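The following exercises practise the reading of a protein model. Attempt each task before turning to its solution.

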Amino acid sequence: MSSTVKASYENILVEAEETIAIIRLNRPKVYNALSHALITELTDALFALDKDEAIRVIILTGNERAFAAGADISEMSKESSVSILLKDQFATWDKIRQTKKPIIAAVSGFALGGGLELMMNCDIIIASENAKLGQPEINLGIIPGAGGTQRLTRVVGKYKAMEMILTGEMITAEEALELGLVNKVAPAETYLEEAKKMAKEIAKKSPIALQLAKDAILKTYETSLAEGLLHERKNFYMLFSTEDQKEGMSAFTEKRNPIFKGR
Ligand code: CO8
């Protein structure tokens with residue numbers, strides 16, 4: 001097993017299962033509130049796992065009661081506009097979306113505020129049937145600050161985003177599924193297993209193709225259709241110089257399973 005997976009942290013747990021890594025947010029007493037220390041450890045772990053050739057897919061999870069109940073309010077309550085600006089914590093947050101490998105969120109219990117924003121930075125979301133999702137910042141006299149007004153609106157549309165952000169009320173996993181905010185809802189006993197099953201399936205694909213597919217999909221949010229199509233085309237062309245493309249197509253012709261090496 002690789003050294004990066006063995007690294008020890010105080011606010012998260014990281015383990016590997018075959019070619020997948022599981023990062024567990026681990027501040028159970030405060031519903032995994034996202035302290036600055038936790039986010040720093042999380043981005044460090046994501047950066048290390050992104051570089052770790054043994055790992056192909058990352059699962060991000062919490063515990064049964066909480067994925068994360070948002071930014072750590074006890075830390076945030078002391079901030080002023082200037083102190084929060086100078087700390088530039090969002091620079092750390094921004095690193096999360098730079099992760100090139102697919103991230104599957106396995107979400108149970110509360111995913112609130114920054115917790116929901118963290119979830120929305122993941123690429124596929126498996127929710128437990130007891131998940132409760134919301135942007136309750138309005139109840140604290142603030143608004144979402146880690147992308148919620150933008151990412152939630154792009155997924156659920158203006159009216160539902162307005163309702164969630166202006167009322168601060170939570171929605172259930174089933175409602176989130178109807179809104180397209182999660183991929184799948186599973187029983188509380190099996191949601192993590194479901195996430196692992198999907199991760200292991202994805203981990204069999206070419207890592208380079210996965211990376212370029214994720215990159216092209218995320219481009220949708222940042223560009224026009226014409227530029228996005230051009231970006232997709234460049235990624236598509238690039239894959240024709242990989243060993244994995246030769247292997248994938250040979251395996252199809254030879255009627256066998258491909259073995260992708262990420263080369
Ligand atoms: N931060 C710090 N502590 C928390 C948080 C949090 N977000 N959520 C829960 N806790 C703590 C409580 O203070 C409590 O601690 P203690 O036992 O020491 O009193 C413990 O967790 C248990 O909480 P409750 O007693 O409240 O448990 P309940 O089961 O009654 O309620 C809830 C659970 C509904 C999750 C409730 O705790 C709650 O509403 N939490 C706050 C949710 C919230 O408002 N989240 C948004 C925070 S703001 C935000 O996320 C902005 C993000 C912008 C990015 C910022 C980057 C710098």
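A residue is called buried when its relative accessible area is under 20%, exposed when that area is over 50%, and partly exposed in between. The model examined here is a predicted one.

**Exercise 1. A nonpolar patch**

Task: State where Val82 lies and decide whether Val82 is buried or exposed.

Solution.
Step 1. Val82 belongs to helix H4, which covers residues 81-87.
Step 2. The relative accessibility of Val82 is 52%, so Val82 counts as exposed.
Step 3. Together with Ile84, Leu85 and Leu86, Val82 makes up a nonpolar patch on the surface. The accessible area of these residues together is about 410 Å².

**Exercise 2. A negative patch**

Task: Identify the residues of the negative surface patch, and classify Glu178 by its accessibility.

Solution.
Step 1. The patch consists of Glu64, Glu129, Glu174, Glu175, Glu178 and Glu189.
Step 2. Glu178 is placed in helix H9, residues 173-179.
Step 3. With a relative accessible area of 69%, Glu178 is exposed.

**Exercise 3. The nonpolar cores**

Task: Describe the largest nonpolar core and the helix that gives the most to it.

Solution.
Step 1. The largest nonpolar core contains 45 residues. Ile23, Met119 and Leu133 have the most contacts inside this core.
Step 2. The helix that contributes the most is H2 (residues 36-51), with 6 residues.
Step 3. Another core lies apart from this one and has 16 residues, including Ile20, Ile59, Ile104 and Tyr191.

Extension: Is Phe47, in the helix named in Step 2, buried or exposed? Phe47 lies in helix H2, and its relative accessibility of 56% means that Phe47 counts as exposed. From Phe47 to Arg24 the separation is 23 residues in sequence and 15 Å in space, C-alpha to C-alpha.

**Exercise 4. Positive phi angles**

Task: Examine the phi angles of Glu18 and Tyr31, and give the place of each residue.

Solution.
Step 1. As background, most residues other than glycine have a negative phi.
Step 2. Glu18 has a phi near 55°, a positive value although the residue is not glycine. Glu18 sits in the loop between strand S1 (12-17) and strand S2 (20-25), and at 64% relative accessibility Glu18 counts as exposed.
Step 3. For Tyr31 phi is near 50°, again a positive value in a residue other than glycine. Tyr31 is located in the loop between S2 and H2. With a relative accessibility of 30%, Tyr31 counts as partly exposed.

**Exercise 5. Salt bridges**

Task: Three salt bridges are to be analysed: Glu17 with Lys200, Lys197 with Glu194, and Arg256 with Glu247. State the distance in each, and the accessibility of the residues involved.

Solution.
Step 1. Side chains of opposite charge can pair when their charged atoms come close. The cut-off applied is a side-chain nitrogen of Lys or Arg within 4 Å of a carboxyl oxygen of Asp or Glu. The model has 15 salt bridges by this rule.
Step 2. In the pair of Glu17 and Lys200, the closest N and O atoms are 2.8 Å apart. Glu17 lies in strand S1 and Lys200 in helix H10 (residues 191-202), so this pair ties together parts that are 183 residues apart in sequence. Glu17 counts as partly exposed at 24% relative accessibility, and Lys200 is likewise partly exposed at 24%.
Step 3. Lys197 and Glu194 meet at 4.0 Å, N to O. They are 3 residues apart in helix H10, and are therefore separated by about one helical turn. Lys197 is exposed at 56%, whereas Glu194 counts as buried at 19%.
Step 4. For Arg256 and Glu247 the distance from N to O is 2.8 Å. Arg256 is partly exposed, with a relative accessible area of 34%, and Glu247 counts as buried at 17%.
Step 5. Salt bridges with shared partners join Glu17, Glu18, Glu193, Lys196 and Lys200 into one network.

**Exercise 6. Distance in sequence and in space**

Task: How far apart are Ser241 and Lys78 in sequence and in space?

Solution.
Step 1. Ser241 is found in the loop between helix H12 (225-239) and helix H13 (243-253).
Step 2. Its relative accessible area is 63%, so Ser241 is exposed.
Step 3. Ser241 and Lys78 are separated by 163 residues in sequence and by 53 Å in space, C-alpha to C-alpha.

Note on methods: Residues are numbered from 1 along each chain as its sequence is written. This is a predicted model: local features need pLDDT of at least 70, side-chain atom pairs count only at pLDDT 80 or more; totals for chains, interfaces and linings use all residues. Side-chain values use heavy atoms; hydrogens and water are left out. Patches are made of residues with over 30% relative accessible area and no salt bridge: like charges are joined within 9 Å, nonpolar side chains (Val, Leu, Ile, Met, Phe, Trp, Tyr) within 5 Å. Accessible areas come from the Shrake-Rupley method with a 1.4 Å probe; for residues, only the protein chains shown count as cover. Lys and Arg count as positive and Asp and Glu as negative; His and the chain ends are not counted. The place of a charge is taken as NZ of Lys, CZ of Arg, CG of Asp or CD of Glu. Helices (H or I, at least four residues) and strands (E, at least two) are DSSP runs, numbered from the N terminus. Buried means under 20% relative accessible area, exposed over 50%, partly exposed in between (1.4 Å probe, protein chains only). A nonpolar core is a set of buried Ala, Val, Leu, Ile, Met, Phe, Trp, Tyr and Cys residues joined through side-chain atoms within 4.5 Å.
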